[in-house]
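Welcome! Here is a short briefing to help you find your way around a structure you have not met before. Take a look at it first, and then read on.

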Amino acid sequence: FVQSFNRSMKKLLTFPLVPALLKPCRRKIASVHRFSQLILRDFSSVDDKPKYISIDRAGLFGVDQKSVEEPALISVEQHTELARELISTITLRGPISLHEYMSLGLNHLIHGYYQSDIESASCDSDKIGQGGDFITAPEISQLFGECILVWCISMWNILGCPASIKLIELGPGKGTLMKDLLHSAIKGNDTMAAKFRSAVANGGVHLVELSQTMRRMQFDALQCQQPLTEDNHSSETTSSANVNLDDNETMDTRFVRDGVKYPSYGVEGDATKPPEITWHSFFSQIKAQDVPVLIIGQEFLDAFPVHQFVYTKNGWREKLVDINRPSLSSQPNPKAETSNNSSQSEQSDLLFRLVLSPVPTPAVKSLFGGQNQVINETIQSLRTNANESSSGLKVGDGLEISPLTLAVCEDIGRVLAGNPAGGAALLVDYGEDFTQEDSLRAFRKHQQVHILSQVGKADLTADVDFAACAKAAKGGGAVSLPLTTQGGFLMSMGILERVQQLIDLPSTSDEQAEALFQSMKRLVDPQEMGRKYKVLGLCSPQVDSLQVPGFHRE
């Protein structure tokens with residue numbers, strides 16, 4: 001086969017019309033020809049022993065992965081499908097960044113934590129909740145959604161009670177928060193709640209979600225239905241969502257498509273038109289179109305991948321993920337501590353290990369090149385806080401940065417600032433108001449595991465740097481409100497009064513009253529979620545920030 005291929009390449013290069021027809025490809029054809037000659041040279045050695053070529057088939061579809069030989073490893077950990085693919089990638093390209101590792105671990109199109117096959121949605125539905133890998137505030141109690149509704153109605157009132165408003169949620173999870181918010185608005189008997197839900201019905205609900213599996217859960221939670229024709233496509237539909245349906249063809253119900261307006265079922269007894277739900281892969285796909293916007297992001301920012309850097313005598317170097325090979329197990333691994341402080345012996349049981357880049361990586365060159373104002377201010381704060389070395393930085397200092405998080409916050413700021421009708425955003429997440437060295441963690445079944453363990457099967461998350469997020473949003477033109485705790489925010493939204501109201505109902509049993517109290521306690525107690533979780537508020541410049549409820553000021 002190789003000999004035949006080599007002869008064909010030679011004929012092609014000597015064919016008279018090649019210079020005219022294939023001139024742009026001639027150099028590549030010549031390279032392929034030389035490669036085939038090298039293969040033939042290796043096969044024409046003096047001995048007659050059989051020759052073999054090893055081909056890595058780990059990344060091919062339809063291949064029995066068990067038949068693919070693995071590199072020699074010292075790990076006793078079971079290989080996930082994504083781990084096999086990463087081993088092939090690292091073997092070919094070399095170590096990858098933590099940013100790439102985290103990104104693939106969560107959003108790999110086939111094996112990512114949030115991107116499992118749509119057919120196995122029932123298996124992934126327990127990732128969020130009491131029996132899953134982690135639990136979010138909306139899953140603890142409907143009280144959280146009711147408090148968010150109070151804030152939304154208050155902001156809608158501050159914006160002048162417009163007849164139409166866009167309600168946007170970033171990373172809706174299982175759809176529980178939006179479901180509770182909309183249902184609570186329907187159950188409200190006051191005129192203000194009725195007008196608000198009518199405005200939402202006119203402006204629509206927009207959900208930003210990449211995972212088809214999660215979209216399917218949100219679709220079911222919000223009781224959506226498939227559109228009857230392609231005429232239901234919104235004017236914001238992206239090119240990927242333009243689906244032409246024949247008369248006898250129906251849209252594939254397994255997939256919730258970008259930009260399509262999906263009608264939701266109304267609630268019995270409610271005369272208000274139910275809102276249409278539209279999904280988007282990216283926040284940038286949503287167009288304000290002079291309609292006021294309310295943006296909610298609950299545990300959205302923590303899922304963006306992070307870069308981690310260490311300051312060395314040669315400057316900044318990036319933490320990378322490499323294969324844990326036997327020949328490397330005894331070599332020192334400077335400043336390669338894991339986020340859960342596992343010992344080196346614990347790392348030796350894993351498929352991968354952390355190493356430092358020997359030279360500046362592209363991320364180091366781009367992020368520390370002096371062009372990004374937020375990054376520059378973050379590094380300056382490190383210099384200000386340090387008290388050793390002339391430069392203010394000392395060997396061993398670390399820095400964790402999520403460029404995508406900052407980009408999203410800047411986009412939110414730009415949307416709020418560029419919308420003449422105004423708007424506001426509420427970002428709820430766990431994190432701090434300063435930059436950290438290493439907050440990356442992995443969770444599986446409510447237990448913290450090693451960040452390099454069971455990639456694709458464990459949730460990877462990092463604390464949000466709210467100080468940097470606020471700077472990025474202000475860079476986009478928005479007004480940043482004082483950072484507050486989740487406990488303080490919910491108390492200002494009346495969660496205590498709401499719990500007392502529910503407990504005082506004649507139909508509330510003692511067991512239900514205790515459950516309500518414990519749910520509230522978990523949400524607001526500083527020892528639980530009340531302090532670790534923070535709330536960042538943003539608003540348009542034309543909005544009086546002093547009127548925005550929920551944010552304490554000195």
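**A first look around**

Phenylalanine 443 has aspartate 459 in β14 as its bridge partner. That pair is a handy starting point, and please keep in mind that the model is a predicted one. The protein has 19 helices and 18 strands, and 52% of its 554 residues count as buried.

**The chain as a whole**

- Among contacts between residues at least 6 apart in sequence, 76% join residues that are at least 24 apart.
- One pair to look at is glycine 160 and proline 292: they sit 132 residues apart along the chain, and 9.9 Å separates their C-alpha atoms.
- Glycine 160 itself belongs to the loop between α8 (142-158) and β2 (166-170).
- Is glycine 160 buried or exposed? With a relative accessible area of 54%, glycine 160 is exposed, because the cut-off for that label is over 50%.

**The sheet around β12**

- An open sheet is formed by 3 strands, and their order is β13-β12-β14, with antiparallel pairing.
- β13 (447-449) and β14 (459-461) are the edge strands; each has a single partner strand, so one side of each has no neighbour in the sheet.
- From one strand to the next, the twist averages 40°.
- Between β12 (residues 441-444) and β14 there are 3 bridges, and this pairing is antiparallel.

**The β8 and β9 pair**

- Strand β8 (residues 315-323) pairs with β9 in the antiparallel sense, over 5 bridges.
- Across this pair, leucine 320 stands opposite valine 355 of β9.
- How many residues of β9 (residues 352-356) are buried? The count is 5 of 5, which leaves the strand mostly covered.
- On one side of β9 the buried residues are Phe352, Leu354 and Leu356, and on the other side Arg353 and Val355 are buried, so both faces are covered.

**The largest pocket**

- Next come the empty spaces: rolling a probe the size of a water molecule over the atoms shows where such space is left.
- The largest pocket has a volume of about 820 Å³.
- Its lining is made up of 42 residues, and those nearest the centre of the pocket are Gly171, Glu209, Phe300, Ala303 and Phe304.
- Several elements each supply at least two residues of this lining: α5 (98-107), α7 (137-140), α9 (176-187), α15 (403-418) and β14. You have already met β14 as an edge strand of the open sheet.
- By type, the residues lining the largest pocket are 21 nonpolar, 13 polar and 8 charged.

**The cavities**

- How many cavities of 30 Å³ or more does a search of the whole structure find? The search finds 4 of them.
- The largest cavity has a volume of about 230 Å³.
- Of the 20 residues that line the largest cavity, Glu400, Ile401, Ser402, Asp463 and Asp465 are the closest to its centre.
- At least two lining residues of the largest cavity come from each of α14 (373-385), β10 (398-401), α15, β15 (464-465) and α16 (466-475).
- Helix α15 therefore deserves a second look, since α15 supplies at least two residues to the lining of the largest pocket and at least two to the lining of the largest cavity, with helices counted from the N terminus.
- The lining of the largest cavity divides into 11 nonpolar, 5 polar and 4 charged residues.

Conventions
Residues numbered from 1 in each chain as written. Predicted model: local features only at pLDDT ≥ 70, side-chain atom pairs only at ≥ 80, totals over all residues. Heavy atoms only, no water. Buried < 20%, exposed > 50% of the residue type's maximum accessible area, 1.4 Å probe, protein only. Helix = DSSP H or I, 4+ residues; strand = E, 2+ residues; numbered from the N terminus. Pairing = 2+ DSSP bridges. Axes fitted to C-alpha atoms, helices over the stretch in contact; angles between N-to-C directions. 1 Å grid on protein atoms, 1.4 Å probe; cavity = no way out; pocket = protein on both sides within 12 Å on 5 of 7 lines; lining within 4 Å. Points joined across faces, edges and corners; volume = space filled by probe spheres on them. Nonpolar A, V, L, I, M, F, W, Y, C, P; charged D, E, K, R; others polar. Contact = heavy atoms within 4.5 Å.
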